[in-house]
Amino acid sequence: MRTPSLSSFCFCPVFESKLKKKKSKGKAKSSLPQYLCRRFSLDEIRVATNNFDPRLILGKGGSAVVYKGFFDDGASVFAVKYLELGSSRHTILEDFRNEVQLLCQLRHQHIVSLIGFCDEEDKMIIMYNYMSQGSLYDHLHDTGHHDPLPWKQRLEICIGIARGLHYLHAGAKRAVIHRDIKTSNILLDDQMVSKISDFTLSKIGPFSLSNAPIRIELPPLDEIELETSRTRLFGTFGYVAPELFIDTTLVTEKSDVYSFGVVLLEVLCGRKVIKFDAGDHNHRHIISWVNEHLKNGRIYQMTDPYLEGKIAPSCLQKFLDIALSCVHVGEHKRPALGEVEVTLELALELQNKADSEVEWHGEVMYEEVVFSASAFKFSDYQTDVLWPHGSSRVEDAFSCKSEDMLSDIEELCR
């Protein structure tokens, strides 16, 4: 059964109180049960978080703090996202409404589940299912607290993300562009099932059944306050598709595909998307760094050292093929998420087949295979990905005007 469109969710209490004083008079009723959009009191949340105890903080973002909350006398554990209004009050209210609206209508195994919200006393708070294993970013880069992820588990996580994105683009009644796909927005539950999170920047597109390209117009750059909206313009620096540096007023589903391609490379290489300590400025971004290794035939040198000898050559080539296709400089040459999903599933099949055909005692170890640089046809891909079109206005949007500000951008990339 298809999920009702956003307009069918006018029953949701988020349209009462501060966001909309009058009760909704919408005639359409959702087929979803009311508990999927539970309204919490501020007192409940204060008790659950021990009055927002800093020791219960799970993470912090640009305008939000996420706490671990114990509800229903400790029987339920939820993630509590507390949006801080600050000076950008209008922006935060918009983010709050946007995320609750979207998550009220989205139900998928690989999308984080909305539990409810609170909007009392000028507080904007959203509750989600608690993801006990943290984010994919944590597992790739915070190895001091996490064991390195095995290759097949990384593949399964990527397949889950692809399925979730495919659902957003083509499975829900109205297409949704996420606009901020990155490893820190991929959460993992206690079974290591991946969930897409953070829909504050997401936009709703046309009806999925139209089969038309998803194109959404955004406000012109002149109408947006850059200082408070720098990440709102595009997403997160490092994951942004190059066409968005040309036209900041138009986003398509292919911008999500590009961001996911960056995630795939990050998963394979175990390297942060942007390394500010890289000796060569042109190698700071992971795509430029991958491009350099491919040109010189050093494919295995660019993969995560933990994965040495653990990836079947056939699987590696299939995985790289689809990852590089996703980050193609031409948005029309990038694959749809359905193709990405199927290709990643094939890569996992190739890995399983190769593992089953190897006689071994203990762990499978694959020898390195020489791949020619032409095998991946990477010459058409964007290499100047930091400032591909030299736009000073884009630099303003990300507050990146000099080397002195690199640390600020590194925080944005998290």
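Where is N51 found? N51 is in the loop between α1 and β2, the strand at 57–60. I will come back to that residue. A word on the source before going on: this is a predicted model.

The chain as a whole comes next. It has 414 residues, and 55% of them are buried. In secondary structure, the protein chain comes to 12 helices and 12 strands. If we take contacts between residues at least 6 apart in sequence, 69% of those contacts join residues at least 24 apart.

Now to the helix packing, and mainly to α10, which covers residues 337–357. I have three partners for α10 to go through.

The first on my list is α4, residues 151–171. The axes of α4 and α10 come within 8 Å of each other and cross at roughly 160°. Angles over 145 degrees count as roughly antiparallel, and α4 and α10 are therefore roughly antiparallel to each other. The crossing is left-handed. On the α4 side, the contact is made by W151, K152, L155, E156, C158, I159, A162, R163, L165, H166 and H169. On the α10 side, the residues are L337, G338, E341, L344, E345, A347, L348, Q351, N352 and D355. Sorted by class, this α4 contact with α10 has 10 nonpolar, 5 polar and 6 charged residues.

The next partner is α9, residues 313–326. Its axis and that of α10 come within 8 Å and cross at roughly 165°. That makes α9 roughly antiparallel to α10. The crossing of α9 and α10 is left-handed. From α9, the residues in the contact are S314, C315, K318, F319, I322 and C326. They meet V340, T343, L344, L346, A347, L350 and Q351 of α10. What is the make-up of this contact of α9 with α10 by class? It divides into 9 nonpolar, 3 polar and 1 charged.

The last partner I have is α6, residues 253–269. Here the axes of α6 and α10 come within 11 Å and cross at roughly 20°. Angles under 35 degrees count as roughly parallel, so α6 and α10 are roughly parallel to each other. This crossing, too, is left-handed. V257, F260 and L264 of α6 make the contact with L337, V340 and L344 of α10. The residues of that contact divide into 6 nonpolar, no polar and no charged. On the α10 side, L344 is named in the contact with α4, in the one with α9 and in the one with α6.

From helices to single residues, starting with K81. UniProt lists K81 for "binding site", in an unreviewed entry. K81 sits in strand β4, residues 76–83. Is K81 buried or exposed? Its relative accessible area is 9%, and buried means under 20%, so K81 is buried. Not counting residues up to four places away in sequence, K81 touches A64, V65, V66, E99, M124, I125, I126, Y128, D198 and T200.

I45 also has I125 among its contacts. I45 is in helix α1, residues 42–48. At 0% relative accessibility, I45 counts as buried. Leaving aside neighbours within four places in sequence, I45 is in contact with F40, F52, F71, V80, C118, I125 and M127. Take F71 from that list: I45 and F71 are 26 residues apart in sequence, and their C-alpha atoms are 7.9 Å apart in space.

H293 is another buried residue, at 9% relative accessibility. H293 is found in helix α7, residues 286–295. With the neighbours within four places in sequence set aside, H293 is in contact with R298, I299, Q301 and M302.

That leaves two residues in loops, and one of them is N51. What is the phi of N51 near? The phi of N51 is near 60°, a positive value in a residue other than glycine. At 52% relative accessibility, N51 counts as exposed.

The other is E121, in the loop between β5, at 114–118, and β6, at 124–129. E121 has a positive phi of about 50°, although it is not a glycine. Its relative accessible area is 53%, and E121 is therefore exposed.

Terms used
Residues numbered from 1 in each chain as written. Predicted model: local features only at pLDDT ≥ 70, side-chain atom pairs only at ≥ 80, totals over all residues. Heavy atoms only, no water. Axes fitted to C-alpha atoms, helices over the stretch in contact; angles between N-to-C directions. Helix = DSSP H or I, 4+ residues; strand = E, 2+ residues; numbered from the N terminus. Parallel < 35°, antiparallel > 145°, perpendicular 65-115°, else oblique. Left-handed = near helix turned anticlockwise from the far one by under 90°. Contact = heavy atoms within 4.5 Å. Nonpolar A, V, L, I, M, F, W, Y, C, P; charged D, E, K, R; others polar. UniProt positions renumbered as here; feature names shortened; annotations may be inferred. Buried < 20%, exposed > 50% of the residue type's maximum accessible area, 1.4 Å probe, protein only.
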